Amino acid sequence: MSKASKAININDLRTLAKRRLPRMVFDYIDGGSEDELTLGRSVARYADYEWQWNSLVNISALDTSTTVFGQKNPLPFFISPTAASRLFHPKEGEFAVARAAQKAGIAYSASTLASQTLEDIAATAPDVPKIIQIYVWKDRGIVKEFMARAKACGFVGCVLTVDTAVAGFRERDPRNGFSVPPKINAKTATQALAKPGYLMDMLFSSKIGPANFASQAGGGDVMGTINNLFDRTMTWKDAEWMANEWGGPFAVKGIATAADARRAVDHGAAAVWISNHGGRQIDTSVPVIDLLPEIRAAVDAKTEVIADGGVRRGSHALKLIARGATSVAIGRAYLYGLAAGGEAGVARAIQILKEDVERGLALLGVPRLADLDDTLLRKSA
C-alpha cells in the first residue's frame, strides 16, 4: 500500500506531495498570486460559516448526488480542469486522474493545456461525463477544431475560462526559476537533484507540454502557447459564438458578479462557474462562498451554479452547496494526491472527500444533498 493510500486528510497528501516534488513544482501547485491573501482566505473563510443541525432524522440512506452539466454525478464534487498534470506525475498525469474519476464515477474536466490528448483521456475514462475547458483564443479555427475533437470522443460539456486574459503574478515561480516544462539551470538544478525520484521520472518520460496543440505557435512551452494564442480582445459576443458552436451544455468559468452571471446566461450558458482561479489571478478577491447567494439569486433555477476555491474537506463542499452551488469543482485537493501517489493518491483524495460528505450529511441530519440549504449555516460574528 502506498503512503498516499494511508493519508487521513487532504493536508496529509499535500505533505507527501511536498516531499516528492522539487520546490519549484510544488510551489506551482501550492502558490498563488502576489501576497497570496486570496489563496489563504479561500480556505480560511469556510471556518467563518458554522453549522447547526437537525436531530432525530433517519439517516440510514444517504443521497449525495447532484447534477454536473446536465449529467447525474454521485457526489457533490467533480474534477476541475488543471493544466499540464504530467508536471506533477510525469509518467501519467491526466491519465491517473481520469482513471480515478472513472472508478469513482465522477465527472472529469480536461484542460485546454492538458499534457495528454483529448482522445487518449477520453479512452481512459469512457463511462463518466467529460467536460472540455477552453480559453480565449485568437484563432477561431482552433476553437472549432478543438470543440469538434472533443465532441467526437464523447465530451458532453464545454466550459470557457474568462479570468485569464493575462496570467496573475505568481511570485513563487520567478523566485524558483520555474517554467513549464521545467528547465534545468543554475537556479533549478539543486531543486531537481534534491528529488531524485521525480528527476528520474522526468528523464524517462516524454517532454511535458500542451499535447493538444503541439504544432501551434509557442511550441511545447505552456506559457508560450498562452502568450501566442490567447486573445485579449474577446467580448460576450465571442462567448455566445462559442456556446452556439458547441451546441450543448456550456458554462462560463471565472464569474465574480451577479451581472456577469446574468450576461453568461443571456449569451448561451447553461451553467455559471464561480471561481477565483485558486487564488492565482487577482489577489484579495472576494471568497467564492461569500459570492454564492447573490449569484444564485441572479439566475433562474434551471441554471447550474458551479463553485470552486479552497476545498480541502467535504464540509467545505457542503457549505458551498448550502450557500447555493449545484456542484463543486476540486483542483488542488486531487493534485496533491496526484503528486503524492499517482492514481492511488487521486483515488485517496476522492475517497477522503466522499467520506467527509457522507459523514457531514449524516451529522447534519440531511439525508439528501438536494435538501441542504443555508438554514443550517450561521456566519460567525
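A polar contact is a pair of N or O atoms within 3.5 Å. In this predicted model, such a contact joins the side chains of Ser42 and Asn276, at a distance of 3.1 Å. The side chain of Ser42 also has a polar atom 2.8 Å from the backbone oxygen of Thr38. Ser42 itself belongs to helix H3, which covers residues 37-44. With a relative accessible area of 9%, Ser42 is buried, because that term applies to values under 20%. When neighbours within four places in sequence are set aside, the residues in contact with Ser42 are Asn276, Gly309 and Gly310. Asn276 thus appears both in this set of contacts and as the side-chain partner in the polar contact described above.

Another hydroxyl-bearing residue to examine is Thr64. Thr64 is placed in the loop that runs between strand E1 (49-51) and strand E2 (66-68). Is this loop residue buried or exposed? Thr64 has a relative accessibility of 8% and therefore counts as buried, the limit being under 20%. A polar atom of the Thr64 side chain lies 2.7 Å from the backbone oxygen of Pro74. Beyond residues up to four places away in sequence, Thr64 touches Pro74, Leu75 and Pro76, together with Val357, Glu358, Leu361 and Leu369.

The description now turns to helix H15. The helix spans residues 332-364 and contains Glu343; Leu338 lies in H15 as well. The relative accessible area of Leu338 is 0%, so this residue is buried. Outside its neighbours within four places in sequence, Leu338 is in contact with Ser85, Phe88, His89, Gly93, Ala96 and Val97, and also with Gly345 and Val346. Gly278 provides a point of reference elsewhere in the chain: it is 60 residues from Leu338 along the chain, and the two C-alpha atoms are separated by 17 Å.

Glu343 introduces the charged pairs of the structure. Its side chain forms a salt bridge with that of Arg99, with an N to O distance of 2.7 Å. Which parts of the chain does this pair link? Glu343 is in helix H15 and Arg99 is in helix H4 (residues 94-104), so that distant parts of the chain, 244 residues apart, are linked. The two partners fall into separate accessibility classes: Glu343 is buried at 18%, whereas Arg99 is partly exposed at 23%. The boundary between these classes is set at 20%.

A search of the whole structure finds 17 salt bridges, and several further examples deserve attention. Arg149 and Glu119 meet through their side chains at 2.9 Å, N to O. This pair also links distant parts of the chain, with Arg149 in helix H6 (residues 140-152), Glu119 in helix H5 (residues 118-124), and their positions 30 residues apart. Glu119 is partly exposed, having a relative accessible area of 33%. Asp371 and Arg368 form another salt bridge, in which the closest N and O atoms are 2.8 Å apart. Both residues of this pair are partly exposed, Asp371 at 45% and Arg368 at 39%. Salt bridges also join residues into a network, whose members are Arg14, Asp27, Asp30, Glu36 and Arg172.

The packing of helices can be followed at H12 and H13. Helix H12 comprises residues 258-266 and helix H13 comprises residues 288-298; their axes are 8 Å apart and meet at an angle of about 35°. The crossing of these two helices is right-handed. On the H12 side, the residues that meet H13 are Ala258, Ala261 and Arg262, and their counterparts in H13 are Glu294, Ile295 and Ala298.

The cysteines remain to be considered. How many disulfides does the model contain? The count comes to zero. The sulfur of Cys158 is the nearest cysteine sulfur to that of Cys153, yet it is 12 Å away, and Cys153 is in no disulfide. Cys158 is likewise in no disulfide, its nearest cysteine sulfur being that of Cys153. A disulfide requires the two sulfur atoms to be within 2.5 Å, so a separation of 12 Å does not qualify. Cys158 also counts as buried, because its relative accessibility is 0%.

Notes:
Residues numbered from 1 in each chain as written. Predicted model: local features only at pLDDT ≥ 70, side-chain atom pairs only at ≥ 80, totals over all residues. Heavy atoms only, no water. Buried < 20%, exposed > 50% of the residue type's maximum accessible area, 1.4 Å probe, protein only. Salt bridge = Lys/Arg side-chain N within 4 Å of Asp/Glu carboxyl O. Helix = DSSP H or I, 4+ residues; strand = E, 2+ residues; numbered from the N terminus. Polar contact = N/O pair within 3.5 Å; in protein donor to acceptor, adjacent residues only side chain to side chain. Contact = heavy atoms within 4.5 Å. Axes fitted to C-alpha atoms, helices over the stretch in contact; angles between N-to-C directions. Left-handed = near helix turned anticlockwise from the far one by under 90°.
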